[in-house]
Every structure is written in structure tokens, then in C-alpha cells.
Amino acid sequence: MEEDFDGLDTYRTIARIRPRQRCMLISGFTDGDRVRDAQRLGAGGFLQKPFSMRQLARMVRNEIDSGAETVGSGPEAGS
């Protein structure tokens, strides 16, 4: 990923192209403002590296089960 382009920037770009795209946030950094901003826009759960396959599977299951119809439809998703 480019130095000045992070996960939130990526999610905003994807949401403009495909507003209902679902995603999960995974990072080696701690949960911070950028993660919370992405979640306010519709991104799903956050998983910090390192993580186990069980943790990843649980998060994927939670996202599937959530069936969030409003994912990617936040106020900035289309901007």
C-alpha cells in the first residue's frame, strides 16, 4: 500500500465504486481513529495481527451472520 494511502482511504475508494461492498479490517496497528472512521462508513469488524485462524474464522462468521444491508452506505461512502 502506498505510504500516504491507508485502509480507510482504500475502503472509501472501494465504497465509491461498490457501495454495498463488505469488508473486515485487519492491521498490525492498534484499533484507532482510522479504524473507527472506516467502521462508521460501514466496514465490519477489526482484527489485529497476529491472529489465529480461529479468530479470523469467527470474524468472517460474524460478518456473514450480520447480514448488514447498510454496509458502505454511510454519509461519506458516495463522496
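# Exercises on a predicted fold

The lining of the largest pocket holds 13 nonpolar, 5 polar and 5 charged residues. Ala, Val, Leu, Ile, Met, Phe, Trp, Tyr, Cys and Pro count as nonpolar, Asp, Glu, Lys and Arg as charged, the others, Gly among them, as polar. The model is predicted: local features need pLDDT of at least 70, side-chain atom pairs pLDDT 80 or more, while totals for chains, interfaces and linings use all residues. Numbering starts from 1 along each chain as its sequence is written, and side-chain values use heavy atoms, without hydrogens or water.

**Exercise 1.** State the order of the elements along the chain.

*Solution.* Count them: 3 helices and 2 strands. These are DSSP runs numbered from the N terminus (helices H or I, at least four residues; strands E, at least two). Now read from the N terminus: α-β-α-β-α. Next, check the burial: 30% of the 79 residues in the chain are buried. Buried means under 20% relative accessible area, exposed over 50% (1.4 Å probe, protein chains only). Last, take the contacts between residues at least 6 apart in sequence: 53% of them join residues at least 24 apart. Contact means heavy atoms within 4.5 Å.

**Exercise 2.** Find the volume of the largest pocket, then what lines it.

*Solution.* Start with volume: the largest pocket holds about 490 Å³ of space. Its lining has 23 residues, and D6, G7, L8, I26 and S27 are the closest to the centre. Then sort by element: α1 (7-17), β1 (25-27) and α2 (33-40) each give two or more residues to this lining. α1 gives the most, with 5 residues. The method: a pocket is an open set of 1 Å grid points over the protein atoms alone, where a 1.4 Å probe fits, with protein on both sides within 12 Å along at least five of seven lines; lining residues have an atom within 4 Å of a point. Points are joined across faces, edges and corners, and the volume is that filled by probe spheres set on them.

**Exercise 3.** Locate the buried face of α1.

*Solution.* List the buried residues of α1: L8, D9, Y11 and A15. Viewed down the axis of α1, they fall within an arc of 165 degrees, so they line one face. The arc is taken from the directions from helix axis to C-beta atoms. Ask what they meet: the buried residues of α1 pack against α2. Now take D9, a residue of α1. D9 counts as buried because its relative accessibility is 18%. Beyond neighbours within four places in sequence, D9 contacts D4 and R34.

**Exercise 4.** Describe both sides of α3.

*Solution.* First, the buried side: L56, M59 and E63 are the buried residues of α3. They cover an arc of only 65 degrees around the axis, which puts them on the same side of α3. Their cover includes β1 and β2 (46-48). Turn the helix over: the face away from the buried side carries the exposed residues M53, R54 and D65. Finish at the end: G67, just after α3, has a positive phi of about 55 degrees.

**Exercise 5.** Trace the contacts of C23.

*Solution.* Place the residue: C23 sits in the loop between α1 and β1. Leave out neighbours within four places in sequence; C23 then contacts Y11, A43, G44 and E63. Take A43: it lies 20 residues from C23 in sequence, yet the C-alpha atoms are 5.4 Å apart. Two of the partners link back to earlier exercises: Y11 is among the buried residues of α1, and E63 is among those of α3.
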